[in-house]
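Please open the model in your viewer and keep the sequence panel visible. The stops below are arranged so that each selection leads to the next.

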Amino acid sequence: PGSSLKSKLRALHEMTKGNFGSQRQPGQPHQCQNPQCVTCRLFGVGASERVESGPCRLVVRDCIIAEEDPATERVKEQSQGLPFTEEKTETAIDRITGAAKGTTLRKTERVPAGVAFALDLSLRVMDTDDEAQLLETLKDAMRLLEKDALGGSGSRGYGKIRFEQLTLDGQAFTL
């Protein structure tokens, strides 16, 4: 979902800029009254925040599976059960003995590595905006996400993503 992707991009940006939890309880999201705040301009503010930064500049649409991508086609052919998914069985391991802990077997359904998604972002630039600053902030957040994970169980290796074949206004675009 686009909302999950946008939220993760924002959270990573806030954490690296020291905006996450500063002057609030740890874990509280960034809130400010500065209409020039690049975080608020790019990612938007809550309806109750009453900041005059204008509308959110970043639109993140839901990412649809790119079925024609060669890697995606290969994953679909190898899928068992639902297309583009796999079931992974896991268990808890005792860190001291290295043995499985009792009956902790669990199954997780996930999207296997190699499935490609079509990404569609729109950056709305207003006449009072610094377009280069908004774009660089977005690129920074995207680079951080490539080093992190999207969704749950990132410490187990799930949710690793890579942005590829990006274009901006029809021209090749790199992070």
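Helices and strands are here DSSP runs, of at least four residues for a helix and at least two for a strand, numbered from the N terminus. The model is a predicted one.

**The whole chain**

Begin with the complete protein chain in cartoon representation, where 4 helices and 8 strands are to be found. Followed along the sequence, these elements give the pattern α-α-β-β-α-β-β-β-β-α-β-β. Now switch to a surface: the protein chain exposes about 11,600 Å², and carbon and sulfur atoms supply 49% of that area. Of the 175 residues in the protein chain, 29% are buried. Among contacts in the protein chain with a separation of 6 or more, 52% are between residues 24 or more positions apart.

**Helix H1 and His13**

Select residues 2-16, which form helix H1. H1 comprises 15 residues and reaches 21 Å from its first C-alpha to its last, close to the 21 Å expected at 1.5 Å a residue. Colour its buried residues next: Gly2, Leu5, Leu9, Arg10, Ala11, Leu12, His13 and Glu14. The cover over these buried residues includes helix H2 (38-43), strand S1 (58-60) and H4.

Within helix H1, centre the view on His13. Is His13 buried or exposed? His13 counts as buried because its relative accessible area is 4%, and the cut-off for buried is under 20%. Beyond its neighbours within four places in sequence, His13 is in contact with Val38, Thr39, Phe43, Thr137, Ala141 and Leu144.

**Val38 in helix H2**

From His13, step across to its contact Val38, a residue of helix H2. Val38 is classed as buried because its relative accessibility is 16%. Which residues does Val38 contact, its neighbours within four places in sequence left aside? They are His13, Gln133, Leu134 and Thr137. A distance label between C-alpha atoms is also useful here: Val38 and Ser53, 15 residues apart along the chain, are separated by 9.1 Å.

**Helix H4**

Thr137, a contact of Val38, is one of the buried residues of H4. Select the helix as residues 131-147. H4 has 17 residues and reaches 25 Å from first C-alpha to last, close to the 24 Å expected at 1.5 Å a residue. Its buried residues are Leu134, Leu135, Thr137, Leu138, Lys139, Ala141, Met142 and Leu145. Display their surroundings to see what they pack against: H1, H2, S1, S6 and S7.

**The loop between H4 and S7**

Move on to the loop between H4 and S7, where Ser153 is located; Gln165 lies in that loop as well. As background for the backbone angles, most residues other than glycine have a negative phi. Ser153 has a phi near 65°, a positive value in a residue other than glycine. The phi of Gln165, near 50°, is likewise positive in a residue other than glycine. For accessibility, Ser153 counts as partly exposed because its relative value is 28%, whereas Gln165, with a relative accessible area of 77%, is exposed.

**Ile65 in strand S2**

Select residues 64-65, which form strand S2, and centre on Ile65. Ile65 is partly exposed, with a relative accessibility of 26%. Where sequence neighbours within four places are left aside, Ile65 is in contact with Thr72, Phe84, Val115, Ala116 and Phe117. One of these contacts, Phe84, is 19 residues from Ile65 in sequence and 8.6 Å away in space, C-alpha to C-alpha.

**The largest pocket**

Phe117, a contact of Ile65, leads to the last stop. How many residues line the largest pocket? The lining has 47 residues, of which Cys63, Phe117, Ile161, Arg162 and Phe163 lie nearest the centre of the pocket. The volume of the largest pocket is about 1,800 Å³. Colour the lining by residue class to find 26 nonpolar, 11 polar and 10 charged residues.

Finally, show the elements that each supply at least two lining residues: helix H1, strand S4 (106-110), strand S5 (117-118), strand S6 (121-123), helix H4 and strand S7 (167-168). H4 gives the most to the lining, with 4 residues.

Technical notes: Residues numbered from 1 in each chain as written. Predicted model: local features only at pLDDT ≥ 70, side-chain atom pairs only at ≥ 80, totals over all residues. Heavy atoms only, no water. 1 Å grid on protein atoms, 1.4 Å probe; cavity = no way out; pocket = protein on both sides within 12 Å on 5 of 7 lines; lining within 4 Å. Points joined across faces, edges and corners; volume = space filled by probe spheres on them. Nonpolar A, V, L, I, M, F, W, Y, C, P; charged D, E, K, R; others polar. Buried < 20%, exposed > 50% of the residue type's maximum accessible area, 1.4 Å probe, protein only. Contact = heavy atoms within 4.5 Å. Areas by Shrake-Rupley, 256 points an atom, 1.4 Å probe, with all protein chains shown as cover. Expected span 1.5 Å × (residues − 1).
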